[in-house]
Number of protein chains: 2
Amino acid sequence: MFRLALAQIDVTVGDLDENSKKILEYIDEAKNMKADLIAFPEMVLPGYPPEDLLFKSQFIQENLIHLEHIAGQTEDIVVVLGFIDLDSDVHNAAAVLYDGKIRDIYHKMFLPNYGVFDEDRYFKSGTKCPTYIVNGTSVGINICEDIWHSAGPTIVQRSNGAEIIVNLNGSPFDIGKRKLRKNMLRARATDNGLFVAYVNLVGGQDELVFDGGSMIVDPEGEVICASPQFKEDILFADLDVESVFRSRVRDPRVRKVRAKTLQEIGTAVEMQISEYVGQGNKPSLMKAEIHDRSEVEEIYDALVLGTKDYVRKCGFSKVLVALSGGIDSALVTAIAVDALGKENVVAVSMPSRFSSEGSKTDAALLCSNLGIDLWTLPIEEPFESFLSTLFPYFDKTEWGVAEENLQSRIRGSLVMAISNKFGWMVLTTGNKSEMATGYATIYGDMAGGYAVIKDVPKLMVYKLGHHRNTLADGEMIPKSILTKPPSAELRDDQKDEDNLPPYEILDPILKAYVEDDLSYEEIVNLGFTEEDVKRAILLVDRNEYKRRQSPPGIKITTRNFGRDRRMPIANRYKPF
Amino acid sequence: MFRLALAQIDVTVGDLDENSKKILEYIDEAKNMKADLIAFPEMVLPGYPPEDLLFKSQFIQENLIHLEHIAGQTEDIVVVLGFIDLDSDVHNAAAVLYDGKIRDIYHKMFLPNYGVFDEDRYFKSGTKCPTYIVNGTSVGINICEDIWHSAGPTIVQRSNGAEIIVNLNGSPFDIGKRKLRKNMLRARATDNGLFVAYVNLVGGQDELVFDGGSMIVDPEGEVICASPQFKEDILFADLDVESVFRSRVRDPRVRKVRAKTLQEIGTAVEMQISEYVGQGNKPSLMKAEIHDRSEVEEIYDALVLGTKDYVRKCGFSKVLVALSGGIDSALVTAIAVDALGKENVVAVSMPSRFSSEGSKTDAALLCSNLGIDLWTLPIEEPFESFLSTLFPYFDKTEWGVAEENLQSRIRGSLVMAISNKFGWMVLTTGNKSEMATGYATIYGDMAGGYAVIKDVPKLMVYKLGHHRNTLADGEMIPKSILTKPPSAELRDDQKDEDNLPPYEILDPILKAYVEDDLSYEEIVNLGFTEEDVKRAILLVDRNEYKRRQSPPGIKITTRNFGRDRRMPIANRYKPF
């Protein structure tokens, strides 16, 4: 029996003191539980991703000092954790600590350099994948991407006797990711006939939300225990290495593949930690409940955790949201309340001559349901003063986008004034369909610190609104908000559909173009009209400049507007 | 004698039609001049860097179709140009075209993935570096970064007989880069005893300005001809391959190194273009003037070209600039006039109750000197209306940053209203010292399409102002603008030095911290007070969120705020 502990914790990039403190607390807990080994996620010590902090050698040095300090607290337990190693180059690394010392260091071999990841910018690949004998059990360590490759270090470590693979992760959430991960881990476990223990970071970091969901898969491919997503957790498991693993009949074909791959990767180095690690009484395996949750549930939780962590880690405690009476701002306000508590959310209504009565009453009802303050600042007076200031130059021009956007920018200036005055962060309320098409006012409704739902398509916004209502006793987001036709209310009788195709058509076109990189023809062939596809593509392409100046927001799809999608602004490519 | 043509042209990312058209025009010119070979820069066909356009297979396919079309126009001349190749993977590639066909394709071997570059995100490295026999002369082709490596393809191509290396570049300007390049090219030419022909893109693309400056270095390390920087040019040279090169005594030690490196990189493939390419009368070598220009001259030209190209390539012709009466906005206005013509620049003065009389008269004098329109929009009325709208919530609070920033945001809203009304791009005027310290108002003076001097430290802003005046007949930027103490004029008697260390102290601290990644102690050891260093570092670290929402601007230093420096926003690292 091998008692393994996996600690999925929420750390802050750069906060070496606090991160170390938290790591030590969890080590203590694992010691009390007499675990043989506790594993922490990838880069848990410096926080992940540290981005260009990695160019500061002072930062790397301090991370090494903290690692030494943690190593000093490892009597009677083996600790595996992610940190930044520095030898002749910089490595994304895992340290193996035991009995007061750093016993060995593993360097990540497969460095992701796609999507939101830039690891080739910072790290050099490792070349060695040893196994360690801990209380008679052979353990192989590797990091994140390493385990996604069937011909990666896992197969080498297996050849060298590994019975358990401990895989440290900094894997951000996106829709469907958990299922992908689980299937991959099951394949890796059964292919190699060993236990795979997956430990993942939890918490928000700028655009990313790490969703935790650590799990252990047995050699038969069963998930035998798992931590919840989106919260800190420590998972203990007693792995019956002897009975499950050692009786397993080896398939000679598997060995053959192994040997070949071993050669390709290079010779594995074996290191033994031969000292006996203290173990107490063995309780039976503590099985965590594993239930698959719906897409909407996962997304909602990601948005709440992302908002909570961004606000907190940036040093804020309170936020304000401009409430229009529409579904986007209603949803963001509900998320903010769930993330930060109702006492830390202030809603601001800024009605204009074009605001419908319904918008105003809906906003008030929402705030009353949520139990938060609603401030009201009519924009008519500033709007009049702008029009009169501009009159000498705008006289004889037609009312148009300048006048529409002015209203939005007045609102942006008002919420920023409140932010500056009281030190509260502004949350913006634009959704992904708007970000994609540029149906938002830069320096207006786009003004703020965090764009909570910027990666959430409009149709999903509605689903999340309904989901939030199922969590509450009674109706939290008023039904009228969920059913009214979307409008920016910047001129009389304006509706989103005056400018955009209906969202039922727009959203799948946007997904096809932005997330799946389909060509114009391929999208038309999905069954959309040429006119709708052209309109959507042109809007996406023309509005890159706005997105470049947007606040960050939470990634929930496979490609967000942010680190995931890096398009030139000056770009004359015409896809049709 | 070998007649080589190097065409440094200004292309637009994604504009395959126009880029092809321009390439064909230059091919025609080279044919008329009876050149043996014409070389174009790296990625000249798709434009560079295309960033995530590279994930659109439709775009890559269309680039290949355009390449075929260009190949069809290559009777009597060998054409070498950069494009995107697709075989089993995507490559940053050079095509060798001759007599209507694509004769061979070279794949870039060394992919930069640092600074502003993300080539590992997109491309796979090449493994072959052939040489081509063109009219009896052996030519090796490689791409940009390839030639920076002494053990790169050049040495292999030399081993296989190359007499000329044609190196295609997409190398952006930064201070000192040209000197570095020249020294490297001279080393490469003399080490290998061959001609090195360096052809570079010219023009602005988002943050980057490619500065051209193509040149040919002979086997003795002399720069025998060069194109100017910052403008399109075609350089012709007759290279006396026979007399210079073939008589050269070989150093056996050089050969030894070569052989070793060849083995490391892999076997080179040789391909011959044996057909005779038509040559006319040989004029003597056309020697371009090569004069080293000052740092300030280079920077000024980079800013003008960057502004011109960004505005034009984004589809704008006219710009507006908010003129405060200070040096930053004066310099940006002068750059805009030089980039776009005085008829395409409108200045807007937006005085407040805190604007000094001098600021207003200086702004007027500058516009009169530059011959541009000055619009005046006093902000008092909107400011009053905002204060009265906010009064119910701001009553009994102290005047502070909220009220200061409001003035700046009113100005931002006014220039954006003009931009929306007339379709002119707003140029912002913040310098790098301000961007670094956050001494700028987000959605206020930071609002606009392009931040011309965002990578120019304040002390350099003054130098550039003086430089601009030396270009003009008489004083263009009034002396009072160049000599007054910097002020944001957002409250009574405000001076930058109330909030920031003097720029003579601040700028070198910022360079040490932002560009050179020095630690707190190292910066103090340069001779600054602990207080100044701490203040500067804290300001830089706290204001990442503002920079993330800044418009792009022209990179002139070795590390700009943009693609070059990727810091987390939620970041609790404390460097002291």
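**Exercise 1. An exposed acid in its surroundings**

Glu504(A) is exposed, with a relative accessible area of 54%. Since this is a predicted model, keep in mind that every value here is computed. Your task: find which helix holds Glu504(A) and which residues gather with Glu504(A) in a patch of negative charge.

*Solution.*
- Step 1: Check the exposure. A residue counts as exposed over 50% relative accessible area, and Glu504(A) has 54%.
- Step 2: Place the residue. Glu504(A) belongs to helix H17 of chain A, which covers residues 503-515.
- Step 3: Look around on the surface. Asp492(A), Asp493(A), Glu497(A) and Asp498(A) join Glu504(A) in the negatively charged patch.

**Exercise 2. Relating the two chains**

What rotation superposes chain A on chain B, and which residue of chain A comes closest to the rotation axis?

*Solution.*
- Step 1: Read the operation. The rotation is 180 degrees, with 0.0 Å of shift along its axis, and the RMSD is 0.0 Å.
- Step 2: Interpret it. The two copies are therefore related as by a two-fold rotation axis.
- Step 3: Find the residue by the axis. Within chain A, Gln549(A) comes closest, with its C-alpha at 2.1 Å.

**Exercise 3. Cis peptide bonds**

Now to the backbone. Which residue is joined to Pro49(A) by a cis peptide bond, and where in chain A does Pro49(A) lie? Then turn to Pro49(B) in chain B.

*Solution.*
- Step 1: Recall the background. Most peptide bonds are trans.
- Step 2: Inspect chain A. Tyr48(A) is joined to Pro49(A) by a cis bond, with omega about -10 degrees. Pro49(A) sits in the loop between strand S2 (37-39) and helix H2 (57-71).
- Step 3: Inspect chain B. Tyr48(B) and Pro49(B) are linked by a cis peptide bond, with omega about -10 degrees. The loop that holds Pro49(B) runs between strand S2 (37-39) and helix H2 (57-71) of chain B.

**Exercise 4. Positive phi in two loops**

Find the loops that hold Asp99(B) and Phe230(B). Is Asp99(B) buried, partly exposed or exposed, and what about Phe230(B)?

*Solution.*
- Step 1: Recall the background. Most residues other than glycine have a negative phi.
- Step 2: Take Asp99(B). Its phi is positive, near 55 degrees, and Asp99(B) lies in the loop between strand S4 (90-98) and strand S5 (101-107) of chain B. With 37% relative accessibility, Asp99(B) is partly exposed.
- Step 3: Take Phe230(B). Its phi is also positive, about 65 degrees, and the loop in question lies between strand S13 (223-226) and strand S14 (233-239) of chain B. Buried means under 20%, so Phe230(B), at 9%, counts as buried.

How values were computed:
Residues are numbered from 1 along each chain as its sequence is written. Chains are lettered from A and ligands numbered from 1 in the order in which they are written. This is a predicted model: local features need pLDDT of at least 70, side-chain atom pairs count only at pLDDT 80 or more; totals for chains, interfaces and linings use all residues. Side-chain values use heavy atoms; hydrogens and water are left out. Patches are made of residues with over 30% relative accessible area and no salt bridge: like charges are joined within 9 Å, nonpolar side chains (Val, Leu, Ile, Met, Phe, Trp, Tyr) within 5 Å. Accessible areas come from the Shrake-Rupley method with a 1.4 Å probe; for residues, only the protein chains shown count as cover. A salt bridge is a side-chain nitrogen of Lys or Arg within 4 Å of a carboxyl oxygen of Asp or Glu. Lys and Arg count as positive and Asp and Glu as negative; His and the chain ends are not counted. The place of a charge is taken as NZ of Lys, CZ of Arg, CG of Asp or CD of Glu. Helices (H or I, at least four residues) and strands (E, at least two) are DSSP runs, numbered from the N terminus. Buried means under 20% relative accessible area, exposed over 50%, partly exposed in between (1.4 Å probe, protein chains only). Copies are superposed by least squares on the C-alpha atoms of residues with pLDDT of at least 70 in both.
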